[in-house]
Amino acid sequence: MSDSLLLVAMVAVPAVGAAVVAALPRERTDTARVVALGVSLVVLLLAVLATVAFDTGGDRFQLTSSVPWIPGFGVDFALGVDGIALVMLLLVGVLVPVVVLASWEDRAPANRSMRTFFAWLLLLEACMVGVFAATDVFLFYVFFEAMLVPMYFIVGSFGGPRRQYAAVKFFLYSLLGGLVMLAAVIGLYVVSASAGEGTFAFESLRQLDIDPDVQRLLFLGFFVAFAIKAPLVPLHTWLPDAGAEAPIGGAVLLVGVLDKVGTFGFLRYCLPLFPDASREFAPLVLVLAVAGVLYAALLAMGQTDMKRLVSYTSIAHFGFIALGVFAFTTEAGTGAVLYMVNHGIATGLLFIVVGMLIARGGSRLVGDYGGVAAHAPKLAGVFLIAGLASLALPGTNSFVSEFLVLIGSFPTRPVFTVLATAGIILAALYVLLLYQRTMHGPPRGVLFPADGAVGGTTGTDGTTRHGATAASATTGGGPGAASGGTATATLTHEAPARPASRLRDLSRRELVVVAPLVALVIGLGVYPQPLIRLIEPAVAATMSDVGADPAGTTPATTPGSTEGTD
Amino acid sequence: MPIEAPDLSLAALAPLLFVFGAACIGVLVEAFGPRDSRHPVQVAVALVGTVGGLVATLLLAGTREVTAGGALAVDGAGLFLQATIAGLGALSLLLFAERNLDPARSAFVVSAAVPAGSVRDRELLTVQRVQTEVYPLATFAIGGMMLFVTANDLLIMFVALEVLSLPLYLISGLARRRRLLSQEAAVKYFLLGSFASAFFLYGLALVYGATGSVQLGAVREAVAAGETDTLLVLGLALLIVGLLFKASVAPFHTWTPDVYQGAPTPVTAFMAACTKVAAFGAILRLLYVAFGTEEWTWRPLVYGVAIVSMVVGAVLGLTQTDLKRMLAYSSVAHAGFLLTGVLGFPGSGDPAGTGLPAVMFYLLAYGLTTLGAFAVLTLVRSGDGEATHLSQWAGLSQRSPLTAAVMSLFLLALAGIPLTSGFTGKFAVFRAAIEDGAWPLALVALLASAVAAFFYLRVIVLMYFSEPAADGPTVGVPGLPTTIVLAVTAAATLVLGVVPGAVLGLADRAAIFVG
């Protein structure tokens with residue numbers, strides 16, 4: 001029986017769109033990107049329709065549909081959303097069209113076609129929708145793993161100089177986590193089979209009363225997969241590589257959405273299915289979370305590569321999210337989910353604007369830039385907004401969520417909360433240092449070649465490919481052979497020919513790309529209430545599953561905190 | 001003393017009769033048919049025989065009987081595996097029949113007796129004549145395999161083992177290119193295979209000595225009656241060693257990489273797909289039917305070799321630079337995964353376990369995928385034959401996007417990525433193992449899968465993310481036979497991953513042993 005086809009359509013539309021784009025002739029990049037944009041906008045529309053149809057006071061899972069898929073395994077193709085999944089779908093819906101637009105003028109590396117890039121992108125969108133909308137654990141697992149393939153090809157085919165290494169590392173890390181989770185998924189089925197009928201349906205599994213020893217093992221199985229995905233600190237080393245080497249569009253979705261599957265998984269699967277084990281392991285997770293906040297922030301400050309830097313800031317933010325999830329209060333949980341959305345927007349914007357800068361300069365190194373603000377004020381302005389959102393300045397969206405997490409965690413976990421708060425200061429440091437070094441000061445670096453070395457244009461094209469090494473970017477840029485540049489150009493925008501006009505400000509297309517994200521940063525910063533209304537019932541239900549005492553902290557504080565942010 | 005003729009159900013024997021009949025006709029064609037028309041006739045006879053065998057097994061679905069004086073057990077599991085072997089065999093024969101790829105029109109040497117490198121050998125390289133003896137030989141091997149999986153009697157099992165092995169030893173040595181390598185492989189396979197056969201025979205003798213019978217049913221009764229003495233356990237161990245050799249399970253796998261590499265690729269495909277099915281069919285029948293009541297006698301052994309096989313296959317696979325050797329180690333690793341499913345045995349008397357159907361499904365899925373992967377290998381060629389060195393595959397996606405895409409599909413399936421048949425199979429066998437409490441084994445299996453995924457991925461990385469070498473290989477345009485094989489295997493790999501319900505249900509219903 002199926003009640004609502006809305007979610008099915010949200011999976012099917014991009015999947016079909018991917019097939020259509022892949023079937024286009026190789027040289028029809030213009031058609032491909034128009035189709036990709038159209039399809040992703042349809043998905044956004046469907047996500048908005050789903051939000052309208054969602055009743056915040058209604059059942060936990062809504063818009064459900066279910067058909068038997070593999071009867072032999074007891075698997076259903078079952079979709080449905082709670083408030084948490086719904087906001088993630090909205091995030092996917094917003095980010096994908098933005099990414100399509102941001103990649104609009106990218107050029108594929110030699111022998112590759114942007115058509116393929118857009119096809120993978122749409123397939124990735126289908127998997128991302130599926131992973132958040134699945135209410136069958138097996139189906140979730142299938143989307144969780146299938147998601148790797150498009151991202152693997154996006155990084156590996158269209159990424160930076162070390163793309164092969166980064167793609168394989170990303171794939172193997174995730175696959176390893178996924179396989180450990182597979183053991184737990186099967187274990188969950190076996191437990192349900194011994195308690196009656198074997199099933200993968202989330203709602204039935206939630207009712208199970210699992211033996212604590214078994215819970216511990218199953219929890220760890222799921223936890224490892226999600227901790228790699230999120231990523232929590234000792235398992236994070238794949239992200240800086242993948243984030244740095246991925247093309248900007250891929251990096252936005254990788255950090256903005258894919259990693260959220262990890263924290264989403266904590267909330268959706270670890271807590272409700274294994275409440276005893278979750279409580280038992282919570283201190284351990286919190287240690288990892290807080291260590292992540294501090295350690296990744298310190299590492300971020302030390303990075304010379306801007307994309308790696310942004311990746312490390314994300315790891316720090318995931319520490320906050322994990323803190324919110326495992327503090328076991330509705331307020332902190334709501335903050336964590338809101339953080340997942342806000343982080344996707346803020347970091348997505350930061351990645352995009354960094355990508356725009358890299359496209360102009362051809363180097364990913366912080367040291368190759370300086371004084372950009374004077375010549376490109378709009379670029380610098382957006383950069384600043386993205387940075388401030390990233391450090392959670394009041395008035396930006398991230399502030400609300402970070403504040404909710406901290407205030408919600410304090411009653412139950414004061415020590416961890418206080419330690420994590422130090423991360424805010426570090427965040428201010430790494431963001432502002434980055435901004436100051438690249439945007440202010442005397443004009444210098446690759447964008448302002450010394451005494452107008454004419455003909456230095458080609459170096460800008462070549463460098464993203466031939467290594468973001470400082471040497472080739474800074475010294476090799478000038479006299480670079482004109483022929484090599486265009487032939488080997490990867491995903492860089494066209495560089496203007498004359499050194500004087502070499503640094504141009506944001507184009508109209510680029511403004512269209514950043515405008516919705518900037519609007520969301522500020523809009524959700526002053527009025528987060530609609531999202532909170534969606535998220536809170538689902539988080540409250542999750543917290544009651546885990547046996548936390550939501551009554552103790554929530555009713556009084558939640559209205560208060562939202563007043564505070566208004 | 002009058003000798004009574006054993007009861008024979010011709011209907012239940014129909015699949016075997018079809019295939020062996022076709023093989024015998026093939027021999028006659030070889031002897032009396034005119035040379036010019038032999039190739040098409042032989043291909044037709046072999047295909048009619050195997051496809052006829054396949055249809056016959058399908059028509060027999062639901063049959064459960066012990067016939068031929070208790071020597072054959074025609075049951076659900078036996079028929080499922082027979083159908084799998086016949087189907088995969090027919091596809092392999094199509095690969096044998098490909099004439100478009102090699103400039104000399106065939107992958108097989110014209111006259112195997114001519115010494116490699118001699119003047120006559122060089123002359124033969126350019127003639128248009130093709131080898132046709134391989135078709136009856138392969139058909140005999142297919143017949144032997146189909147007999148192997150229904151044998152309800154250790155003696156018949158041994159005969160079937162020899163019927164399937166001898167032709168394989170021979171056709172392994174018939175490669176047209178790199179003949180010495182091929183001949184070396186054949187000799188190695190023969191020597192080690194003879195050892196394995198001897199082990200099996202010795203084990204048979206010991207079991208007979210312990211129980212007084214070679215029929216699986218009688219052995220089971222003797223075992224259940226508590227006559228489990230050292231002789232019996234030793235006999236069982238030797239029998240299993242013989243079978244594990246055929247299934248290329250580590251540590252009895254040492255022949256696999258050399259033989260897979262040296263044999264003509266269509267033959268490798270045939271061995272990788274069909275021999276595996278046949279060997280596991282026999283392992284399942286021996287363990288479940290004869291020794292099912294005394295699980296403790298074999299469980300620790302299978303547990304141990306499963307781990308060794310997975311680890312050896314995955315780790316040594318990492319170090320390979322030749323695609324055929326890499327797929328050989330992959331086959332060793334997959335044999336280990338299959339053994340985890342074998343452990344999902346429900347215990348005596350309860351036929352509803354998940355291990356048997358899981359292994360049956362896995363064999364079908366793996367056979368199709370690996371057959372397809374080897375078929376792709378036949379397409380990519382450089383000067384004198386197939387380009388199987390990894391480095392030659394760099395940038396293949398730019399030379400031939402379709403070939404690279406199909407190969408990637410097979411590799412992802414072998415790695416067990418969801419929505420491919422490999423994932424469904426792995427899920428089934430791991431579930432069986434975990435249900436039986438063998439979760440540490442399943443965990444090892446999952447870690448081994450992750451390691452193995454690395455070497456599958458490496459090929460994809462090379463094909464897609466590396467720049468093509470200047471003097472790289474060419475991608476041949478396959479003729480109709482290979483195209484059919486690729487289409488069928490690729491479609492099956494996808495369908496068994498996306499909508500496996502029907503086939504899983506079939507395997508579930510068929511998972512019954514009689515005897």
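This is a short group-meeting talk about a predicted model with chains A and B.

Okay, hi everyone. Let's start with how far we can trust this thing, since it's a prediction. The model as a whole scores ipTM 0.85 and pTM 0.88. Chain B has a mean pLDDT of 89, with 98% of its residues at 70 or more. Within chain B, the confidence is highest in helix 5, residues 134–148, at a mean of 95, and lowest in helix 4, residues 119–126, at 81.

Chain A has a mean pLDDT of 82, and 87% of its residues reach 70 or more. Where does chain A fall below 50? One such stretch is residues 451–501, which still has 97 contacts in the model beyond near neighbours in sequence. Another is residues 551–566, with 21 contacts counted that way. Low pLDDT means the predicted coordinates shouldn't be read in detail. So please don't squint at those parts.

Now, what is chain A built from? You get 25 helices and 2 strands. Of its 566 residues, 64% are buried. And if you take contacts in chain A between residues at least 6 apart in sequence, 81% of them join residues at least 24 apart.

There's also a record to mention. An unreviewed UniProt entry puts the annotation "domain: NADH:quinone oxidoreductase/Mrp antiporter transmembrane" on residues 134–422 of chain A. In the model, that span is 80% helix and 0% strand, and its end C-alpha atoms lie 37 Å apart.

Next up, the place where the chains meet. On chain A, 29 residues are in contact with 26 residues of chain B. Which helices of chain A supply at least two residues each to that side? Those are helix 5 (137–146), helix 6 (148–158) and helix 7 (163–194). Helix 7 of chain A gives the largest share, 16 residues. Sorted by class, chain A's side has 21 nonpolar, 6 polar and 2 charged residues.

Let me zoom in on one residue over in chain B. Find B:Ala453, which sits in helix 18, residues 439–465. Is B:Ala453 buried or exposed? Count the other C-beta atoms within 10 Å and you get 23; the cut-off for buried is 20 or more, so B:Ala453 is buried. Leaving out residues up to four places away in sequence, B:Ala453 touches A:Leu172, A:Leu175 and B:Ala415. Here's a fun one: B:Leu318 is 135 residues away from B:Ala453 in sequence, yet their C-alpha atoms are 9.4 Å apart in space.

For another case, go to B:Leu180 in helix 7 of chain B, residues 179–211. B:Leu180 has 13 C-beta neighbours inside 10 Å, and exposed would take 12 or fewer, so it counts as partly exposed. B:Leu180 and B:Ala71 are 109 residues apart along the chain, and their C-alpha atoms are separated by 41 Å.

Last bit, a little sanity check you can do yourselves. Take helix 6 of chain B, residues 154–172, which has 19 residues. At 1.5 Å a residue, counting one less than the number of residues, the helix should span 27 Å. The end C-alpha atoms are 27 Å apart, so the model agrees with the expectation. This helix is mostly covered, too, with 15 of its 19 residues buried.

That's me done, so over to you for questions.

Definitions and conventions. Residues numbered from 1 in each chain as written. Chains lettered and ligands numbered in written order. Predicted model: local features only at pLDDT ≥ 70, side-chain atom pairs only at ≥ 80, totals over all residues. Helix = DSSP H or I, 4+ residues; strand = E, 2+ residues; numbered from the N terminus. UniProt positions renumbered as here; feature names shortened; annotations may be inferred. Contact = placed C-beta atoms within 7 Å. Nonpolar A, V, L, I, M, F, W, Y, C, P; charged D, E, K, R; others polar. pLDDT = per-residue confidence, 0-100.
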